[in-house]
Amino acid sequence: MYFLTAILFTGVFSSCTTPPQEELRHILQKQQNAWNAGDIETFMQGYLNSDSLRFVGSGGEVRGWQSTLERYRRTYPDLEAMGHLSFDLREIRMLGSRHAMVFGAYTLERSDDQLSGLFTLIAEHTEDGWRIVHDHTSADSIPETGGDTNDM
């Protein structure tokens, strides 16, 4: 009887947990939705709120959650600058039980240009769930409008 109870309990527990890859896809979908709604604060919830967060883009390295938030606010001050974001998740690879690498592409469509590029994220499973701890994003090319090379 104990053996059967253990099997049933394990089966119920397993069916209630979401695989890490699905949780990571959900986080990126939530970020995409928040971005397209003009909500940078909700977009930032996908990142670890820590001074150890690292963002690397065409403008160089930014350390810390608050500095990353300020960079996004400065670079994308309004809905027009934010445009419409879409992610193409190409690979999610587990790097152990608490870390994962996410590789993908992004497209940012705005009224006067379109940006695209690639990103590699390192995510860590924390007490609050999966959070991005490292974001390396690069743009494919400089927009034809001659403006800044904005990468996500």
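**Briefing: the nonpolar core and its surroundings**

The largest nonpolar core has 30 residues, and those with the most contacts inside it are Trp35, Ile40, Phe43, Met44, Tyr47 and Tyr72. This picture comes from a predicted model, in which the protein has five helices and six strands, arranged along the sequence in the pattern α-α-α-β-β-α-α-β-β-β-β. Of the 152 residues in the protein, 38% are buried, and residues 24 or more positions apart account for 50% of the contacts with a separation of 6 or more.

**Make-up of the core**

- Helices H2, H3 and H4, together with strands S3, S4, S5 (114–126) and S6, each supply at least two residues of the largest nonpolar core, and the largest share, five residues, comes from H2.
- In soluble globular proteins, nonpolar side chains tend to be buried together.
- Met44, one of the residues with the most contacts inside the core, is in contact with Trp65, Thr68, Leu69 and Tyr72 when its neighbours within four places in sequence are left aside.

**Aromatic residues**

- The structure holds nine aromatic pairs, among them the edge-to-face pair of Trp35 and Phe43, with 5.1 Å from centre to centre and 65° between the planes; both of these residues are buried.
- Phe43 also pairs edge-to-face with Tyr72, at 5.2 Å centre to centre and with 80° between the planes, and here too both partners are buried.
- Because Phe43 lies in helix H3 (residues 40–43) and Tyr72 lies in helix H4 (residues 65–75), their pair ties together parts that are 29 residues apart in sequence.
- Trp35, Phe43 and Tyr72 belong, with Tyr47, Phe55 and Tyr76, to one aromatic cluster.
- Arg71 lies over the face of Tyr72, at 5.3 Å from the ring centre.

**Helix H4 and its buried face**

- The buried residues of H4 are Trp65, Thr68, Leu69, Arg71 and Tyr72, and, seen down the axis of the helix, they fall within an arc of 160°, so they line one face of H4.
- An α-helix has 3.6 residues a turn, so residues three or four places apart point the same way.
- Around H4, its buried residues pack against helices H2 (20–36) and H3 and against strands S1 (54–57), S2 (60–63) and S6 (129–139).

**Gln31 in helix H2**

- Gln31 lies in helix H2 and has a relative accessibility of 3%, which is under the 20% cut-off, so Gln31 counts as buried.
- Not counting residues up to four places away in sequence, Gln31 touches Phe43, Gly46, Tyr47, Phe87 and Ile132; of these, Phe43 and Tyr47 are also listed among the residues with the most contacts inside the core.
- The C-alpha atoms of Gln31 and Glu41 are separated by 9.7 Å, with the two residues 10 residues apart along the chain.

**The S3–S4 hairpin**

- Strand S3 (residues 84–94) and strand S4 (residues 99–109) run antiparallel and are joined by 10 bridges, and one of the bridge partnerships is that of His84 with Glu109 in S4.
- The two strands form a hairpin with four residues between them, and in the turn Gly96 has a positive phi of about 125°.
- Both S3 and S4 are also among the elements that each supply at least two residues of the largest nonpolar core.

How values were computed. Residues are numbered from 1 along each chain as its sequence is written. This is a predicted model: local features need pLDDT of at least 70, side-chain atom pairs count only at pLDDT 80 or more; totals for chains, interfaces and linings use all residues. Side-chain values use heavy atoms; hydrogens and water are left out. Rings of Phe, Tyr and Trp (its six-membered ring) pair if their centres lie within 6.5 Å; planes under 30 degrees apart count as stacked, over 60 as edge-to-face and the rest as tilted. Buried means under 20% relative accessible area, exposed over 50%, partly exposed in between (1.4 Å probe, protein chains only). A charge sits over a ring if NZ of Lys or CZ of Arg is within 6 Å of the ring centre and within 35 degrees of the ring normal. Two strands pair if DSSP finds at least two bridges between them. The arc is that of the directions from the helix axis to the C-beta atoms. Contact means heavy atoms within 4.5 Å. A nonpolar core is a set of buried Ala, Val, Leu, Ile, Met, Phe, Trp, Tyr and Cys residues joined through side-chain atoms within 4.5 Å.
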